[in-house]
Each structure stands twice: as C-alpha cells, then as structure tokens.
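Student: I have a model open on my screen and would like to learn how to read its helices and hollows. Could you walk me through them?

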Protein chains: 2
Amino acid sequence: MPKQVDHRERRETIARALWRVVEQRGIAHASVREVAQEAGISHGAVQHYFATREEMLVFAMDFASEQTAGRVADSLRAFGDRPHPRDLLRVMLTEMLPLHPDARATSRMSAAYVLEALHDANIHTRARDGLTHGRELVEQIVRQAIADGRIGADRDPATETNLLLALTGLTPLIELGVIEPEAALTAVDQHLERLFSGEA
Amino acid sequence: MPKQVDHRERRETIARALWRVVEQRGIAHASVREVAQEAGISHGAVQHYFATREEMLVFAMDFASEQTAGRVADSLRAFGDRPHPRDLLRVMLTEMLPLHPDARATSRMSAAYVLEALHDANIHTRARDGLTHGRELVEQIVRQAIADGRIGADRDPATETNLLLALTGLTPLIELGVIEPEAALTAVDQHLERLFSGEA
C-alpha cells in the first residue's frame, strides 16, 4: 500500500476511535492517551500522526463532516441526477440528526466540537468556517429553489436557511428520549412541506 | 440570617461559579476543586454543600432552569396579565438563546449538561425529565392557542411544539458568530408569525 494512503488510513482509524470515545465517554476523555487505548495503538503512534490533541480533534471533526457529506451523497443516488431540492434538504437534515448509529457518532462529535470551540481560538475559527460553509451550501439550495419557483418568491433566503439549520435543535430531544425519532422526522417533513408549499 | 436561607444562598453562589467555569473553560473543568477556586471558597466548603460533583452539576442545572424561568416571568410583566401566546413563546425562546450574558451562561450550562447526560445515567434521567417538563409547558401553550383560535386548527400541537423547541438549534450559529443575534431573532419571529398566521 502506498505510504500516503496508509498515513491517511491510520489517521482515519484514530479519528474513528476518537469518535467512539466522544460518543461513549464524552470529549473530556478525548486525550491522546485514551484515544490511543481505544484505537489499540501506542501513545507514541498517535503522536506520530497528530502533533497535538487539538490537531487530532480538528482532523476528527473534518473527517466527521466528510463522512456526513458522503452519507448524504449515497442517499441522494436514489433520487437520480437532479434531486428535488426538498429531497436534498431532507437528506442533509436527517443525516445531521442522531437517527442512526453513524449519524449519532458524527452528531455527538459535532456538538462536543462546538462547545470545545468556545474555549479554543483555533478550534473556534475552524468550527465557524465549517459551519459557515455548510450554511452557504444550504442557502445556495434555497436561493436556487426560489429562482426555480419551487419556494415562494416572498421567502427570505437567509432567514429560511437559518430556520432549516435550526432543525438540528431537535437533537437534544432525540438524544434524551423526549421525542421518538419518528416525531423528529415528522417535524422536519412538516417544515419542508410548508417551505415548498408555494411550488409552481 | 436563618440557616436554611444561608445554605441555599451558598449553594447558589457555588452554582454561579460552576456556570462561569463551564462558560469560560468548559464542563471538563467543572470539578469540585476548580469550582471551589472560582467561588473563592475551600474545597471542603464545597463538599459541605454538595456530596458529589454530580450533585453539584444537577443543582447548577436546576438553578439555571429556574433563573431562565425567572427571566421569562420578568420579561412577561410588560405584557400584562394575559400575555398573547405569541409573546409568551417569543420570550421563552429568546431567553433560551445565548443573546445576552445571563442567557449565554445558562445556554452553555444546558448544552454541556445534555452531553454529560449521555454518559451519566442519573444526569440523563434528570435532564430528560427537565426537558420533558419544558416541552409539556410549550405544548400546553400551543394547545390552548389552537383552542382559542389563535393557531390554525389544522396544526398538530405535538409537531408544532417540536418545531418551536427546535429553534434552540440556532444556538451554535450564534455562538460561533456564523449569524448575527438579529438574524436569529428574525428567524424566531418569522416562525412565530407563520404559526399564528391563521389567527381569527
């Protein structure tokens, strides 16, 4: 196996171990020592791939975002070459909610990362840039859907984008078992149905 | 001062110190030792008021919820004896978002508490019960507003309640500076305006 690929694979293995630590024990336990133990490799080996805990966290979060994007792309194949923006948004939103094990792992990583960002300037910049980028993708979909007459022209694209992203606020209700996953999906669908209700 | 009152006051002082630790350094630092230091009292004094870190966390969260409820009640005075449910919901939602220092402290405490609940069975039960109770209060307001003809009779109260609570999902966008507080308020108002659009 080429060295470059092996390097990337080892970093991903460590990132997945970090996700499991975050998911099962919380980010307070995501030290190089505990992650190495979870990955079944030596402390020194982790340090070979990541100079600092912060570098490891940043990579693990970027990898979580990539994996989420990959799941979205996989789900969208069923909708053909040009998915309806409602289907696109539904897949994006549901993959951001902790509705199945992979999504739960990345969702918990993401929630912990936001809190970590509040006390670490570098992570703050990375987290803000990542969220800004994701927000822009959603706003682009909303703007195109308005231009295509699928969302009413009276809707403000920035506000609709913020309301769509706010749906991730269902996460604590799902995680703590206050509502069933089915109820969360009903809420997402209800919101999308109204957003696209003016479709020509 | 009666002993009972003094006891309560000391616990609140410790709880506020814990909030500051959580807000400024993260819940990983919310140990009895660091909280005692932040409160400017001895480790032993904290242990006199709280037998365990968990007991201290649970009290600090309950106190945060009470303080949020108090801020809501204060804001509602301006709306007279029978506030319009739209105003009631707006005040509840905006006090749950990190839009001013007090609300930010309780919002960060709450976010950290949810993550802590995922790895602590006792905190999980407490957090779930607290969120279930808050959700029921909102659903009661929605049901009454439907009964009073202020929200359309075609709206499902459970789904509308979940969509209202989902608006707390604006929190990471505000905390990371991805959107301005003003944009969050616009999104909340837009959602409320549509919810009450069928008002008779």
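Tutor: Happy to; we will go through the fold of one chain, then some helix pairs, then the spaces inside. Keep in mind as we go that this is a predicted model.

Student: Let's begin with the fold. How many helices and strands does chain A have?

Tutor: A good habit is to count the elements and then read their order. Chain A has 10 helices and zero strands, so its pattern along the sequence reads α-α-α-α-α-α-α-α-α-α. For its extent, the C-alpha atoms of chain A fill a box of roughly 60 × 40 × 35 Å along the principal axes.

Student: Now the helix pairs. At what angle do α5 and α7 of chain A cross?

Tutor: For any pair, look at how the axes approach, what angle they make, and which side chains touch. Helix α5 (residues 85-96) and helix α7 (residues 121-147) of chain A have axes that come within 10 Å and cross at roughly 160 degrees. That angle is why α5(A) is described as roughly antiparallel to α7(A); the cut-off for that word is an angle over 145 degrees. The crossing of α5(A) and α7(A) is left-handed.

Student: Which residues meet there?

Tutor: From α5(A) come P85(A), L88(A), L89(A) and M92(A), and they meet V138(A), I141(A) and A145(A) of α7(A). Sorted by class, the α5(A)–α7(A) contact has seven nonpolar residues, with no polar and no charged ones.

Student: Let me try chain B. How do α5 and α10 of that chain cross?

Tutor: Follow the same steps. In chain B, the axes of α5 (residues 85-96) and α10 (residues 181-195) come within 11 Å and cross at roughly 150 degrees. This makes α5(B) roughly antiparallel to α10(B). Is the crossing of α5(B) and α10(B) left-handed or right-handed? Have a look before reading on.

Student: I will need your help with that one.

Tutor: The crossing of α5(B) with α10(B) is right-handed. On the α5(B) side the contact uses R86(B), L89(B), R90(B), L93(B) and T94(B), while α10(B) brings L185(B), V188(B), D189(B) and L192(B). By class, that contact of α5(B) with α10(B) divides into five nonpolar, one polar and three charged residues.

Student: And how do α8 and α10 of chain A sit against each other?

Tutor: The axes of α8(A) and α10(A) come within 11 Å and cross at roughly 165 degrees. That makes α8(A) roughly antiparallel to α10(A), and the crossing is left-handed. E160(A), L163(A) and L164(A) of α8(A) make the contact with H191(A), L192(A) and L195(A) of α10(A). The α8(A)–α10(A) contact has four nonpolar, one polar and one charged residues.

Student: On to the hollows. How many cavities of 30 Å³ or more are there?

Tutor: With a cavity, ask for its volume, then its lining, then which elements supply that lining. The structure holds three cavities of 30 Å³ or more, and the largest cavity has about 110 Å³ of space. Its lining draws on both chains, including R155(A), E160(A), H191(A) and R194(A) along with R155(B), E160(B), H191(B) and R194(B). Elements giving two or more residues to that lining are α8 (157-166) and α10 (181-195) of chain A, together with α10 of chain B. The lining of the largest cavity has three nonpolar, two polar and six charged residues.

Student: What lines the second largest cavity?

Tutor: The second largest cavity has about 40 Å³ of space. L163, A166, L167 and H191 line it, from chain A and from chain B. At least two lining residues each come from α8 of chain A and α8 of chain B. By class, the second largest cavity is lined by six nonpolar, two polar and no charged residues.

Student: Last, the pocket. Which residues lie nearest the centre of the second largest pocket?

Tutor: Of the 27 residues lining the second largest pocket, I27(A), A28(A), I27(B), A28(B) and E116(B) lie nearest its centre. Two or more lining residues come from each of α1 (3-25) and α6 (101-117) in chain A and α1 (3-25) and α6 (101-117) in chain B. The second largest pocket has about 520 Å³ of space, and its lining divides into 11 nonpolar, six polar and 10 charged residues.

Technical notes. Residues numbered from 1 in each chain as written. Chains lettered and ligands numbered in written order. Predicted model: local features only at pLDDT ≥ 70, side-chain atom pairs only at ≥ 80, totals over all residues. Heavy atoms only, no water. 1 Å grid on protein atoms, 1.4 Å probe; cavity = no way out; pocket = protein on both sides within 12 Å on 5 of 7 lines; lining within 4 Å. Points joined across faces, edges and corners; volume = space filled by probe spheres on them. Helix = DSSP H or I, 4+ residues; strand = E, 2+ residues; numbered from the N terminus. Nonpolar A, V, L, I, M, F, W, Y, C, P; charged D, E, K, R; others polar. Axes fitted to C-alpha atoms, helices over the stretch in contact; angles between N-to-C directions. Parallel < 35°, antiparallel > 145°, perpendicular 65-115°, else oblique. Left-handed = near helix turned anticlockwise from the far one by under 90°. Contact = heavy atoms within 4.5 Å.
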